[in-house]
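Reader: I would like a close look at one part of this model, the salt bridges. Please walk me through the charged pairs, then set them in the fold around them.

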Amino acid sequence: MNWHQVDRATLLARSGYDPYVRWAIPADVIAATGEHGWACVAPWRPSGHWGGAAVVAPDAPAAAESEALEFLAASARERGAQIDWFSTAAGRELRAPAPLTVVGSGRWDFLWTEVPPVESPSSAVDLLELDDTADAARIEVFARLHNPGFEGFPGRGFATLWLGVADDQGDLIAVGSLHELASGAPHLAGIVVHTDHRGRGLGRALTASLTRRAIQTAGVATLGVYTDNAVALAVYAGLGYRTGRRFETRSLVTPDRVR
């Protein structure tokens, strides 16, 4: 399969204005199209963390995504960038070009909405605004205790907003944040609810408030969720989110970074 480099406008048109391309892919993307589909890599955050995806037709050759990754990785090296992750449809083959190595994978959904959730007076929750720097340790300790896989990254400058819920003693019982993608779109991340307070609607309230703030400032809200998290997917659907793309993502490293 032959891949040809294109600009973002061409990628957007070829993808059918795919929500993932529209909202998550910045102007400095490295993009390619071929007879069976499209592919791209770009920084995920303004600070970097390069990754991307290949989306091909079901009847595409088994090696289509691997060839796309090889093509894009060569262009990324010319820019001095390293690809840290790459996505395909679930179950599709992916081989990493040397010197990259696949070290793990996960399945997740990219969700988005442009419609602010309607606030229900009966479900109002008192939210407090937290500081990404001053409250970083407080957020991290709480979130790790109740979700060891927490990916909010407080204190690293990724978050533009943190919201939390505290109990009567002032202890956190829920947190969540908005991150800024390299595209400029806001992305919900790090939503964690205390294990003893789940089922009370705290996560929904946090998500709704963060979503409204994102749409007020940027006209869109995006988020990622593990594909097998049916409970979270139901909550997000109830708040107006749609699945823009379902991915299987592989982590990529060079030999000097393999532990």
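Author: What follows goes from the charged pairs to a helix, then to the cores and the whole chain.

The model is predicted. Side chains of opposite charge can pair when their charged atoms come close. Here the count comes to eight salt bridges. Three of them are taken up below, one by one.

Start with Arg 92 and Glu 65. Their side chains meet in a salt bridge, with 2.7 Å from N to O. Arg 92 sits in the loop between β5 (83–88) and β6, while Glu 65 belongs to helix α3 (residues 64–78), so the pair ties together parts that are 27 residues apart in sequence. Are the two partners buried or exposed? Arg 92 has 17% relative accessibility. The cut-off for buried is under 20%, so Arg 92 counts as buried. Glu 65 is at 1% relative accessibility and counts as buried too.

What else does Arg 92 touch? Set aside its neighbours within four places in sequence. Arg 92 is then in contact with Val 56, Pro 58, Ala 60, Pro 61, Ala 62, Ala 64, Glu 65 and Arg 250. So the list holds the salt-bridge partner, Glu 65, and also another arginine, Arg 250. Val 56 is 36 residues from Arg 92 along the chain. Their C-alpha atoms are separated by 9.8 Å.

Next comes Arg 22 with Glu 114. Their closest N and O atoms are 3.6 Å apart. Arg 22 lies in helix α2 (residues 19–24) and Glu 114 in the loop between β6 (101–113) and β7 (128–130), so this bridge ties together parts that are 92 residues apart in sequence. Arg 22 has 36% relative accessibility and counts as partly exposed. Glu 114, at 32%, is partly exposed as well.

The third pair is Glu 140 and Arg 144. The closest N and O atoms of this salt bridge are 2.8 Å apart. Both residues belong to helix α4 (residues 136–146). They are four residues apart there, which means a separation of about one helical turn. Glu 140 is partly exposed, at 26% relative accessibility. Arg 144 is partly exposed too, with a relative accessible area of 37%.

Stay with α4 for its two sides. Which of its residues are buried? They are Ala 136, Ile 139, Phe 142, Ala 143 and His 146. These residues cover an arc of only 145° around the axis, which puts them on the same side of α4. On the other side, Ala 137, Val 141 and Leu 145 are exposed. The buried residues of α4 pack against four strands by name: β7, β8 (159–166), β9 (172–180) and β10 (186–193).

Now the nonpolar cores. The largest has 24 residues. Leu 11, Tyr 20, Cys 40, Trp 44 and Phe 110 touch the most other members. At least two residues of this core come from each of α1 (8–14), α2, β3 (37–45), β4 (48–56) and β6. Helix α2 thus links back to the charged pairs, because Arg 22 lies in it. A second, separate core has 23 residues, including Leu 188, Val 193, Leu 202 and Leu 206.

Take Phe 110 from the largest core. Residues up to four places away in sequence are not counted. Among the residues that Phe 110 touches are Pro 19, Tyr 20, Trp 23 and Ala 24. Its contacts also include Trp 44, His 187, Thr 222 and Leu 223. Arg 242, Thr 243, Gly 244 and Arg 245 are on the list as well.

Gly 244 and Arg 245 turn up again with Asp 18. Asp 18 lies in the loop between α1 and α2. At 4% relative accessibility, Asp 18 counts as buried. Beyond residues up to four places away in sequence, Asp 18 touches Leu 12, Trp 38, Gly 244 and Arg 245.

Last, the whole chain. It has six helices and 12 strands. Buried residues make up 51% of the 259 residues. Take contacts between residues at least 6 apart in sequence: 67% of them join residues at least 24 apart. A compact globule with 259 residues would have a radius of gyration near 18 Å, and the chain has 19 Å, which agrees. The C-alpha atoms fill a box of roughly 60 × 40 × 30 Å along the principal axes. The accessible surface is about 12300 Å², and 49% of it belongs to carbon and sulfur atoms.

Conventions. Residues are numbered from 1 along each chain as its sequence is written. This is a predicted model: local features need pLDDT of at least 70, side-chain atom pairs count only at pLDDT 80 or more; totals for chains, interfaces and linings use all residues. Side-chain values use heavy atoms; hydrogens and water are left out. A salt bridge is a side-chain nitrogen of Lys or Arg within 4 Å of a carboxyl oxygen of Asp or Glu. Buried means under 20% relative accessible area, exposed over 50%, partly exposed in between (1.4 Å probe, protein chains only). The arc is that of the directions from the helix axis to the C-beta atoms. Contact means heavy atoms within 4.5 Å. The radius of gyration is taken over C-alpha atoms; the globule rule is 2.2 Å times the number of residues to the power 0.38. Accessible areas come from the Shrake-Rupley method with a 1.4 Å probe; for residues, only the protein chains shown count as cover. A nonpolar core is a set of buried Ala, Val, Leu, Ile, Met, Phe, Trp, Tyr and Cys residues joined through side-chain atoms within 4.5 Å.
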